[in-house]
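Work through the following exercises with the sequence and the model at hand. Each task is followed by a solution in steps.

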Amino acid sequence: MPDNKGKDCIGESLQSRQCSIGNCQTFKSAFSVKSPDSYSNINGIAKLTFSSTIYQYGNDFSISTGTYTCSKSGVYHFSVTLVKKSSSSGVDRVNCYLFKNGQPVIYIKVDPTDDDTDKGNAAISQSIVINLDVGDTVFLTYCTNPSTSMDYWSSFTGFLLYDKN
């Protein structure tokens with residue numbers, strides 16, 4: 001019905017047409033690794049490496065260097081889970097720093113009793129959402145010795161939430 005003394009429309013009340021502009025291009029980048037292994041020494045920085053890849057899409061994470069290198073500018077989510085080994089010798093704590101471009105952005109520490117009496121397992125997870133540009137790097141460093149302190153369930157995960165386009 002016409003409003004405000006308008007005239008009736010001529011033709012169909014609904015018009016549609018198909019368009020073919022192609023599929024939307026999506027960019028995906030994600031990784032998840034576990035089982036801290038050792039350290040790579042790249043440009044004098046000891047980066048935590050892992051022995052097991054859970055998931056890798058986009059090949060932006062290098063398991064041999066422990067480094068995520070951004071290939072698409074955007075907003076990313078990174079998560080670190082540290083699991084302290086149980087030990088009769090008393091592994092006191094486990095800690096690590098997450099670095100972006102050589103600068104710390106988060107510090108992760110699990111120390112259940114804050115003294116030397118904790119001999120059982122303990123775990124902590126921490127995550128961060130950060131902007132990355134092409135070429136930016138993210139890695140774990142200054143970590144407690146992975147072979148003596150970290151359980152194999154310790155993990156590092158990252159993925160693109162959305163790109164900047």
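Relative accessible area sorts residues into three classes: buried is under 20%, exposed is over 50%, and partly exposed lies in between (1.4 Å probe, protein chains only). This is a predicted model, in which local features need pLDDT of at least 70 and side-chain atom pairs count only at pLDDT 80 or more, while totals for chains, interfaces and linings use all residues. Residues are numbered from 1 along each chain as its sequence is written, and side-chain values use heavy atoms, with hydrogens and water left out.

**Exercise 1.** Determine which residue forms a salt bridge with Asp 133, and classify the exposure of both partners.

Solution. The criterion is a side-chain nitrogen of Lys or Arg within 4 Å of a carboxyl oxygen of Asp or Glu. Asp 133 meets it with Lys 164, the closest N and O atoms being 2.8 Å apart. The structure holds one salt bridge. Asp 133 lies in the loop between strand S8 (122-132) and strand S9 (137-141), and Lys 164 in the segment after strand S10 (155-163), so the pair ties together parts 31 residues apart in sequence. Strands are DSSP runs (E, at least two residues), numbered from the N terminus. Asp 133, at 40% relative accessibility, is partly exposed; Lys 164, at 43%, is also partly exposed.

**Exercise 2.** Establish how strand S5 (residues 74-84) is paired and whether its residues are buried or exposed.

Solution. Pairing requires that DSSP find at least two bridges between two strands. Eleven bridges join S5 to S8, and the two run antiparallel; Ser 79 stands opposite Ser 127 in S8. Eight bridges join S5 to S10, again antiparallel, with Val 75 opposite Tyr 162 in S10. As for exposure, eleven of the eleven residues of S5 are buried.

**Exercise 3.** Identify the residues with the most contacts inside the largest nonpolar core.

Solution. Such a core is a set of buried Ala, Val, Leu, Ile, Met, Phe, Trp, Tyr and Cys residues joined through side-chain atoms within 4.5 Å. The largest has 28 residues, and Tyr 68, Phe 78, Leu 98, Leu 140 and Phe 156 have the most contacts inside it. S5, S8, S9 and S10 are among the strands that each supply at least two residues of this core. Taking contact as heavy atoms within 4.5 Å, and leaving aside neighbours within four places in sequence, the partners of Phe 156 include Phe 31, Phe 50, Phe 78, Leu 98 and Leu 140.

Notes
Helices (H or I, at least four residues) and strands (E, at least two) are DSSP runs, numbered from the N terminus.
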